[in-house]
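Biologist: Please take a close look at one part of this model, namely its salt bridges, and then turn to its cysteines. I should like a connected account of the pairs and of how buried or exposed the residues are.

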Amino acid sequence: MGAIFRQYLASAASTLAVAMMAACFTWMEPLMKYFISPESEIPMDTNDTSWLVSFIEFGELVMAIPAGILADRFGRKTVLLSTGPLCLLAWILILTTRNMAVLYVVRTIQGAGVAIVYTVGPMYIAEISEPRIRGQLSGQFQTMWYVGILYSYLTGHFFSYQTYAYACSVLPIVFVLFFSLMPESPYYQLMAEKPKNAIKSLIWLRATKQVGEEYQSIKKSVEEDMKSKGGWRDLFATKKDTKSFLIVQTVCFIKYLNGMPAVVTYATQTFAQSSNGAIKDHELTIGLGVLLIIATFCAAFVSDSVGRRPLLVYSTLASVVFNIITGTYYFLNQQGYDVSQYSWVMFISVAGFCTVSNIGLGPLMQTIQAEYFPSHTRGIGSGITGISASISTFINLKQYQTVEDIAGVYMNFWIFAFFSFLGTIFMYVVLPETAGKSLGQIQQEFGSTEKMDSAGKIENSLKEDSTKV
């Protein structure tokens with residue numbers, strides 16, 4: 001096996017956890033109309049479903065920082081593996097109970113699993129991959145998220161409640177079986193002062209014993225980063241650290257407030273309001289799931305060549321356009337205009353939004369999260385980013401049904417367009433380029449920028465002094 005194949009294999013095995021948790025995240029979507037129907041085994045109304053859908057963020061919020069700390073203490077691989085049994089427990093509860101209170105417990109457990117995957121997964125992928133393919137591998141994180149969503153769409157729409165839960169419970173078993181065979185991150189091995197294990201991991205990942213130069217480079221980077229303790233204060237120790245932190249958190253909020261969580265969670269319900277009968281709403285939802293996978297898969301192969309910054313800026317700008325079109329369609333529909341013959345415009349605009357969003361903002365959020373934080377704060381930084389993701393996703397999911405009930409579904413898409421517009425301006429102004437650079441080089445360049453700023457201030461100060469003289 002060649003080096004690239006082995007890195008893809010390790011990355012793919014780790015992202016099985018992403019697919020597994022994506023199915024947990026959206027498992028209610030195919031059942032949304034069933035839950036509020038008279039036939040439901042667990043009677044609910046739209047307020048109940050909106051709370052249950054968004055309650056997963058409570059588990060994420062609680063677990064986000066502990067996940068980063070545990071990853072630094074016990075290792076990226078070990079903590080990722082723990083999501084398997086956690087996920088299986090949630091499906092066992094779904095299979096054996098029909099109780100509203102238990103479903104809240106299930107959503108909390110599932111949220112904890114999502115927090116671990118989103119905190120630790122990007123760290124693991126970034127730390128096992130070479131700079132030349134890190135963007136490709138990190139991009140597949142988002143692809144596997146949509147693979148899991150499509151899996152839930154397909155099994156949920158065509159199977160019974162019980163069979164659906166059985167089908168989803170297979171995913172954690174498959175993940176544990178495959179990922180347990182993969183190596184630990186060499187960065188973590190050096191952080192844990194296990195140099196021999198780090199070399200073994202590198203030898204397997206690079207498919208060669210000639211890893212001395214890369215080993216020394218990683219060792220130097222880790223030693224430099226580990227000079228600090230790695231507490232939350234180190235996130236703001238220097239201007240470089242503060243800038244990195246603020247950029248990651250802002251991009252995170254933009255990603256989750258631009259509408260993607262709500263679109264994939266309420267897809268069938270949303271399409272049902274405009275489907276003209278030619279294509280069933282659940283078929284549109286499945287088509288959307290397929291499109292999301294294709295878009296994110298292809299996007300992963302261009303981020304290293306085109307660059308992170310252009311993809312993020314242009315994809316977010318295009319999201320503004322598509323959200324405005326979708327919102328306008330639903331607005332006209334709500335005002336009584338006959339737009340049923342133009343329902344294809346609505347689907348294309350929603351599909352266009354999902355495509356452009358997942359060419360840039362979707363997959364690259366996890367990439368820059370892993371790249372911008374140095375080794376000693378990558379765990380805590382990713383944990384806090386998980387909290388930001390939980391808060392913004394909760395807002396996005398909870399407000400969707402509320403806004404729809406008060407104003408109409410069109411207002412949701414106009415709100416999404418507003419946040420995407422703010423994000424476009426922010427990323428155009430402040431986002432640096434990191435494609436093709438090692439994790440150590442990225443930190444050095446952030447640091448050199450800070451030194452250049454300091455040098456500029458000193459130089460200007462000297463000029464002012466000489467003028468005064």
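**Salt bridges and cysteines**

Modeller: Arg 206 forms a salt bridge with Glu 214, and their closest N and O atoms lie 2.7 Å apart. The model is a predicted one, and the distance is computed from its atoms. Arg 206 counts as buried, at 8% relative accessibility, whereas Glu 214 is partly exposed, with a relative accessible area of 26%. This pair therefore joins a buried arginine to a partly exposed glutamate.

A search of the whole structure finds six salt bridges. One of them pairs Arg 76 with Asp 72, where the closest N and O atoms are 2.7 Å apart. Arg 76 is buried, its relative accessible area being 0%. Asp 72, at 26% relative accessibility, counts as partly exposed. Here, too, the arginine is buried and its acidic partner is partly exposed. The two residues also belong to a wider arrangement: Asp 72, Arg 76 and Glu 127 are linked in a network of salt bridges.

A further pair is formed by Glu 130 and Arg 132, with the closest N and O atoms 3.3 Å apart. In this pair the glutamate is the buried residue, since Glu 130 has 16% relative accessibility. Arg 132, by contrast, is partly exposed, with a relative accessible area of 49%. That value does not reach the class of exposed residues, because exposed means over 50%.

The cysteines come next. The count of disulfides is zero. Cys 24 is in no disulfide, and the nearest cysteine sulfur, that of Cys 87, is 3.3 Å away. A disulfide requires two cysteine sulfur atoms within 2.5 Å, so a separation of 3.3 Å does not qualify. Cys 24 is itself buried, at 0% relative accessibility. Cys 168 is likewise in no disulfide; for this residue the nearest cysteine sulfur is that of Cys 24, at 7.4 Å. Cys 168 also counts as buried, with 1% relative accessibility.

Taken together, the arginines of two pairs, Arg 206 and Arg 76, are buried, while Arg 132 is partly exposed. Among the cysteines, Cys 24 and Cys 168 are buried, and neither Cys 24 nor Cys 168 takes part in a disulfide.

Definitions and conventions. Residues are numbered from 1 along each chain as its sequence is written. This is a predicted model: local features need pLDDT of at least 70, side-chain atom pairs count only at pLDDT 80 or more; totals for chains, interfaces and linings use all residues. Side-chain values use heavy atoms; hydrogens and water are left out. Buried means under 20% relative accessible area, exposed over 50%, partly exposed in between (1.4 Å probe, protein chains only). A salt bridge is a side-chain nitrogen of Lys or Arg within 4 Å of a carboxyl oxygen of Asp or Glu.
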